Amino acid sequence: MRPTGAARIAGVVGDPIAHSLSPSLMSAWIEAAGLNAVYTPYRVAGEQAAEFFRALAASQCAGLNVTLPHKQTALAVSDEASAAARAIGAANLLTFRDGRIHADNTDAAGFLNALKSSQVEPSRGPVLILGAGGAARAILYALVEAGAPEIRLSNRSRANARAMADDLAPGAQIHDWDRRDDALAGAALVVNATSLGLSGGEDLVFDWSRAPADAVVADSVYKPLETGFLRDAAARGLKTIHGLGMLIGQARPSFEAFYGAPPPESVEAAALMVSLLEAAE
Ligand code: NDP
């Protein structure tokens with residue numbers, strides 16, 4: 001239906017924002033569900049983000065998704081925050097009620113949703129996470145909560161991996177970036193949470209012959225859908241999961257938080273996102 005003056009309003013805030021796939025996905029869900037609602041992209045510069053969040057919280061807006069570079073600011077301005085957002089140190093979902101700001105992080109749940117959609121059990125064996133930025137923190141939090149039995153971390157800057165482990169998984173093993181192949185032995189799940197592999201950039205390279213034949217390899221990068229990291233792993237016969245699963249997985253609980261019902265199953269979310277990515281190439 002066409003939105004009226006009573007439409008439920010939500011959106012996504014970032015800088016840049018023009019590349020975001022979220023408005024198309026959320027709008028497809030809104031349309032399929034027949035809701036009187038809108039979902040709007042907002043480009044907001046760093047120094048204006050806190051003021052923007054407070055202004056929208058004072059309006060009839062239901063909430064906002066938050067993307068780079070505002071996820072820490074979103075947590076900092078909130079009046080209350082979920083355990084996930086506090087532990088990860090960032091929020092990608094703000095909901096507004098009576099002028100108050102509630103912060104949450106659905107990237108962690110999004111990653112677990114992606115594993116579940118691929119029938120991968122997060123606690124089936126040792127996991128190796130590459131990276132120590134925002135995506136890595138969400139993935140690490142998710143895997144610890146899901147009971148991964150052994151955590152291995154590797155990051156270009158070892159100090160960042162150490163700090164992340166101290167916050168979220170003090171017992172994790174830290175592997176030197178230059179010797180990350182060593183961490184593949186016996187790994188059940190290997191996740192790229194660095195920005196390596198993004199279109200036009202450097203690939204993340206591994207010696208996949210060192211990984212068990214039943215290892216699962218997941219990427220947080222989704223542009224391109226098949227990164228060099230996933231392509232090389234697939235060439236060795238390993239099961240792979242691309243980054244769109246996490247993106248769609250974090251959008252589902254956001255939709256429910258904004259519009260009060262889970263997104264309709266009738267929308268082929270993955271196919272829609274793939275077609276948007278192909279059109280953008
Ligand atoms: P951050 O900037 O917070 O972290 C970047 C990470 O990549 C750091 O660990 C950094 O290491 C590492 N890195 C950057 N450049 C290099 C390099 N040349 N060599 C080795 N390591 C490098 O980014 P995010 O964590 O927010 O995002 C990481 C990726 O995850 C992005 O591609 C993003 O698109 C994707 N993402 C996907 C989501 C999804 O839903 N699918 C959700 C969120 C993010 P160092 O600490 O040494 O700087």
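This is a walk through one protein chain, from its domains to its ligand. The model is predicted.

Start with the overall division. The chain splits into domain 1, residues 8–105, and domain 2, residues 108–244. Their centres, taken over C-alpha atoms, are 27 Å apart. Where the domains touch, domain 1 supplies 7 residues and domain 2 supplies 9 residues.

Next comes an open sheet. It has 6 strands with mixed pairing, in the order β2-β1-β3-β5-β6-β4. Two strands form its edges: β2 (37–43) and β4 (80–81), each pairing on one side only. Strands of a sheet pair through backbone hydrogen bonds, either parallel or antiparallel. Strands β5 and β6 (residues 100–104) run antiparallel and are joined by 5 bridges. Within that pair, L94 stands opposite A103 in β6.

Two residues help to fix this sheet in view. V12 belongs to strand β1, residues 8–14. Its relative accessible area is 2%, under the 20% cut-off, so V12 counts as buried. Beyond its neighbours within four places in sequence, V12 contacts I17, S20, S22, P23, Y39, T40, P41, Y42, N65 and T67. V12 and L93 are 81 residues apart along the chain, yet their C-alpha atoms are separated by 8.9 Å.

T95 is the second residue. It lies in strand β5, residues 93–97. T95 is also buried, because its relative accessible area of 18% falls under 20%. Not counting residues up to four places away in sequence, T95 touches A62, G63, R100, I101, H102, A257 and F258.

Follow β5 onward and the chain enters the loop between β5 and β6, where D98 sits. D98 is not a glycine, but its phi is positive, near 50°. With a relative accessible area of 77%, over the 50% cut-off, D98 counts as exposed, so it contrasts with buried T95.

Now turn to the nonpolar interior. The largest nonpolar core has 34 residues, and F111, L143 and L153 have the most contacts inside it. Several elements give two or more residues to this core, including α5 (107–117), β7 (127–130), β8 (151–154) and α7 (158–168). Helix α6 gives the largest share, 7 residues. The core draws on both domains, with at least three residues from each of domain 1 and domain 2. Apart from this core lies another, of 23 residues, among them I17, I30, A37 and V267.

F111 shows how the 34-residue core is knit together. Leaving aside its neighbours within four places in sequence, F111 is in contact with I139, L143, L189, V191, A218 and M246.

Two of those partners, L189 and V191, point one way from β10, while V190 and N192 point the other way. In a regular strand the side chains alternate between the two faces of the sheet. In β10, these four residues are all buried.

Strand β10 has partners in β7 and β11. It pairs with β7 in the parallel sense over 4 bridges. It also runs parallel to β11, again with 4 bridges. V190 appears in both pairings: it is the bridge partner of L128, and it stands opposite V217 in β11.

The loops hold further backbone details. A cis peptide bond joins L68 and P69, with omega about 0°. P69 lies in the loop between β3 (63–66) and α3 (71–77). Another cis peptide bond joins K223 and P224, with omega about 10°. P224 lies in the loop between β11 and α8 (228–235). Q119, in the loop between α5 and β7, has a positive phi of about 55° although it is not a glycine. Its relative accessible area is 66%, over 50%, so Q119 counts as exposed.

Finish at the ligand. Which residues are the closest to it? They are A132, A135, N155, S157 and N160, out of 22 residues that surround the ligand. Backbone atoms take part here. A polar backbone atom of A132 is 2.9 Å from an oxygen atom of the ligand. For G134, a polar backbone atom is 3.0 Å from a ligand oxygen. S195 has a backbone N or O atom 3.2 Å from an oxygen atom of the ligand.

Definitions and conventions:
Residues are numbered from 1 along each chain as its sequence is written. This is a predicted model: local features need pLDDT of at least 70, side-chain atom pairs count only at pLDDT 80 or more; totals for chains, interfaces and linings use all residues. Side-chain values use heavy atoms; hydrogens and water are left out. A nonpolar core is a set of buried Ala, Val, Leu, Ile, Met, Phe, Trp, Tyr and Cys residues joined through side-chain atoms within 4.5 Å. Buried means under 20% relative accessible area, exposed over 50%, partly exposed in between (1.4 Å probe, protein chains only). Domain bounds come from an automatic or database domain assignment. Contact means heavy atoms within 4.5 Å. Two strands pair if DSSP finds at least two bridges between them. A residue is near a molecule or strand if one of its heavy atoms lies within 4 Å of it. A polar contact is a pair of N or O atoms within 3.5 Å; within protein, one must be able to donate a hydrogen and the other to accept it, and residues adjacent in sequence count only if both atoms are side-chain atoms.
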